[in-house]
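Please work through the following exercises with the model open beside the text, and try each task before reading its solution.

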Amino acid sequence: MARLVFLGRLEDIAGTPDLAVPLQEPTALADVLVMLPPFVAEALAGPKVKLALNGKLAPPAGLILADGDELAFLPPVSGG
Amino acid sequence: MASVRLEPQPFDPAAEIAAFAAAHADAGGIVSFIGQVRAGDGVEALELRHFEPLTLPGMEALAAEVLGRWALAGLLVVHRTGVMHPADPIVLVAAAARHRRDAFAAADYAMDHLKSDSWFWKRECASGEWRWIEPREQDHADLARWG
């Protein structure tokens, strides 16, 4: 099981702040995204969305999710 | 020396600045900036979300960068999270320095980077409906000033 976390507007698109995804084995990000509704996967894979794997920024290319991992999807910030 | 905090509850900027000034009696000048929730436009509430593993560490890194760039006696950054209402303080930046220009520039730089470069997501409630705020081009233009 891995946990996906959705920040900002991505929470509204996903309809939940986080989601547990069952993993049989370490799985590429693209193969995790196909488990989600297409419109959610499309929003999460947007060019401006950054990723944090277990609390550290990680490039999407080659990203593998393993059991116990937490992957956060961070849309463009709008703070202060 | 920097003090950087996330505040989930309302804070009192005047009390923060008074304590900061007392702690830096050696500084010749203190520049402070307070960002508050703007009244009007039908906005009833504003919420700031953050991401625990990145937000505070990112602000601490920014503070360290500011201290490296200007000669400061101290730097204070207090940033709210959670739900706020019109006129509530959102952010306080105070820079204490021997000379005022360093303090002005440091506070200005810190605010520009907090606005456009820190891990916060903002949404507003108007007429009972929440809406996420998209990044502003102006914030990125402000950032580009610093090269």
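**Exercise 1. Determine how strand β3 (residues 43-50) of chain B is joined to strand β7 (residues 120-126) of chain B.**

Solution. In this predicted model, β3 (residues 43-50) and β7 (residues 120-126) of chain B run antiparallel and are joined by 7 bridges, where strands (E, at least two residues) and helices (H or I, at least four residues) are DSSP runs numbered from the N terminus, and two strands count as paired if DSSP finds at least two bridges between them. B:His50 stands opposite B:Phe120 in β7(B). Continuing from β7(B), 4 bridges join this strand to β8 (residues 129-132) of chain B, again in antiparallel fashion, with B:Ala126 standing opposite B:Glu129. β7(B) and β8(B) form a hairpin with 2 residues between them, and B:Ser127 in the turn has a positive phi of about 50°.

Residues are numbered from 1 along each chain as its sequence is written, while chains are lettered from A and ligands numbered from 1 in the order in which they are written. As the model is predicted, local features need pLDDT of at least 70 and side-chain atom pairs count only at pLDDT 80 or more, whereas totals for chains, interfaces and linings use all residues.

**Exercise 2. Place these strands in their sheet, and say which strands stand at the edges.**

Solution. On the other side of the pairing list, β3(B) is joined to β5(B) by 3 bridges, and the two run antiparallel; the bridge partner of B:Leu48 in β5(B) is B:Gly82. The resulting order is β5-β3-β7-β8 (chain B), an open sheet of 4 strands with antiparallel pairing. β5 (82-84) and β8 of chain B stand at the edges, and because each has a single partner strand, one side of each is left without a neighbour in the sheet. Neighbouring strands of this sheet are turned by 25° against each other on average, direction ignored, with axes being lines fitted to C-alpha atoms, for helices over the stretch in contact, and angles running from 0 to 180 degrees between N-to-C directions.

**Exercise 3. Find which residues have the most contacts inside the largest nonpolar core, and which elements give two or more residues to this core.**

Solution. A nonpolar core is a set of buried Ala, Val, Leu, Ile, Met, Phe, Trp, Tyr and Cys residues joined through C-beta atoms within 7 Å; a residue is buried if 20 or more other C-beta atoms, placed from the backbone, lie within 10 Å of its own, exposed if 12 or fewer, and partly exposed in between. The largest such core has 27 residues, and those with the most contacts inside it are B:Val77, B:Ala95, B:Ala106 and B:Ala110. Two or more residues come from each of α2 (52-69), β4 (74-80), β6 (89-97) and α3 (100-117) of chain B, and β6(B) gives the most, with 8 residues. Leaving aside residues up to four places away in sequence, B:Ala110 touches B:Leu62, B:Val66, B:Val77 and B:Val93, contact meaning that C-beta atoms, placed from the backbone, lie within 7 Å. Apart from this core lies another, of 18 residues, among them A:Ala72, A:Phe73, B:Leu48 and B:Trp119.

**Exercise 4. Describe the side of chain A that touches chain B.**

Solution. The contacts involve 13 residues of chain A and 19 residues of chain B. On chain A, the elements that give two or more residues are α1 (9-14) and β7 (70-74). The residues of this side divide into 6 nonpolar, 5 polar and 2 charged, where Ala, Val, Leu, Ile, Met, Phe, Trp, Tyr, Cys and Pro count as nonpolar, Asp, Glu, Lys and Arg as charged, and the others, Gly among them, as polar.

Technical notes:
Two residues are in contact if their C-beta atoms, placed from the backbone, lie within 7 Å.
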